[in-house]
Structure formats: C-alpha cells, structure tokens
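Let's take a friendly walk through a protein model together. Have the structure in view as you read, and turn it around whenever a new part comes up.

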Amino acid sequence: MDYYKIGQKIRKIRKAHGLSQEELAEKVNISTTHMSHIETGNTKLSLPVFVDIANALEVRTDDLLDNPATATTSTSLDEIATVLERCSAQEAKVIADVVKATKRSIDKHL
C-alpha cells in the first residue's frame, strides 16, 4: 500500500472541499500534525482514521485508494458536483462550456 499516494489523494479531495488540514483534522478528531503526516505519507494511518477521513470528506474509502480499477464515472461526477456547488451560476456555465468543448476535442482525437 502506497501511503504517500493515499495521502496525496486525501489532500486533493480536502482542498476540493475547501478544507484546511486543521479543519479536517478536527472533524476526524486527530491532531493537525498527524493529518500533515498522513498527507505526506510520513505515517501509516489506522483503518478507523482512514474511514473517519473518508466520512469527513464524504467519499467512499475506495476513492482514497490509488487504484485505477476502483475509479468510476460516479466518483468523477461527485468530484465535479462538489466543485460546482461552490460556483456562481455564471461560473458553472463557463465550466459546463469548457467540459463540452473538451469532450468534443477528445471525441475528435479518439
């Protein structure tokens, strides 16, 4: 198990949720230092802490594992929805336009 990759995934999702390390650590009931060590892969995290982090970030535990086999469209849609929740209507429209243009470009090249 690659704890560094798990930590980086936690950091990415934490930032997408607009949380600081301190805020997430508080939700999980661990120290900020411990959270920092988890995100940098400098410590192994226990299963209960791992589950608590997933719950605090509102993701499945599979979403925190760096395993392409567990990546799903549903997970991607959840991440996009989380970003869009913090957008104005105008920002959401711009993002939708970018997604559509990107999809058209991908379709042309595949």
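Before we start, one term will help: two residues are in contact when heavy atoms of theirs lie within 4.5 Å. Keep in mind, too, that this is a predicted model. Now look at contacts between residues at least 6 apart in sequence: of these, 53% join residues at least 24 apart.

What is the chain built from? The protein has seven helices and zero strands. Reading from the N terminus on, the order of elements is simply α-α-α-α-α-α-α. To get a feeling for the dimensions, picture a box along the principal axes: the C-alpha atoms fill roughly 45 × 30 × 20 Å. The protein exposes about 7,500 Å², and carbon and sulfur atoms supply 55% of that area. Of the 110 residues in the protein, 24% are buried.

Let's go inside next. The largest nonpolar core has 18 residues, and those that touch the most other members are I10, L24, V28, I53, L57 and L64. Which elements give two or more residues to this core? They are α1, α2 (21–28), α3 (32–40) and α4 (47–57). Of these, α4 gives the most, with six residues. Try picking out I53 and looking around it. Leaving out residues up to four places away in sequence, I53 touches I10, L24, V28, M35, I38, L45 and L64.

Another residue worth finding is Q21, in helix α2. Is Q21 buried or exposed? Its relative accessibility is 18%, and the cut-off for buried is under 20%, so Q21 counts as buried. Beyond residues up to four places away in sequence, Q21 touches R11, R14, T32, M35, S36 and E39. M35 is thus a residue touched by Q21 and also by I53. For a sense of distance, go from Q21 to K93: these residues are 72 apart along the chain, and their C-alpha atoms are separated by 30 Å.

Now move to the loop between α4 and α5 (61–64), where you will find V59. Which residues does V59 contact, once neighbours within four places in sequence are set aside? They are I13, A54 and L64. A second distance to try runs from V59 to A101, 42 residues further along the chain, with 28 Å between their C-alpha atoms.

Our last stop is the largest pocket, which has a volume of about 270 Å³. It is lined by 16 residues, and the closest to its centre are I13, H17, D78, E79 and T82. You have already met I13 as a contact of V59. Two elements, α1 (3–16) and α6 (73–85), give two or more residues to the pocket lining. Which element gives the most to that lining? The answer is α6, with six residues. Sorted by class, the lining has six nonpolar, three polar and seven charged residues.

Terms used:
Residues numbered from 1 in each chain as written. Predicted model: local features only at pLDDT ≥ 70, side-chain atom pairs only at ≥ 80, totals over all residues. Heavy atoms only, no water. 1 Å grid on protein atoms, 1.4 Å probe; cavity = no way out; pocket = protein on both sides within 12 Å on 5 of 7 lines; lining within 4 Å. Points joined across faces, edges and corners; volume = space filled by probe spheres on them. Helix = DSSP H or I, 4+ residues; strand = E, 2+ residues; numbered from the N terminus. Nonpolar A, V, L, I, M, F, W, Y, C, P; charged D, E, K, R; others polar. Core = buried A, V, L, I, M, F, W, Y, C linked by side-chain atoms within 4.5 Å. Buried < 20%, exposed > 50% of the residue type's maximum accessible area, 1.4 Å probe, protein only. Areas by Shrake-Rupley, 256 points an atom, 1.4 Å probe, with all protein chains shown as cover.
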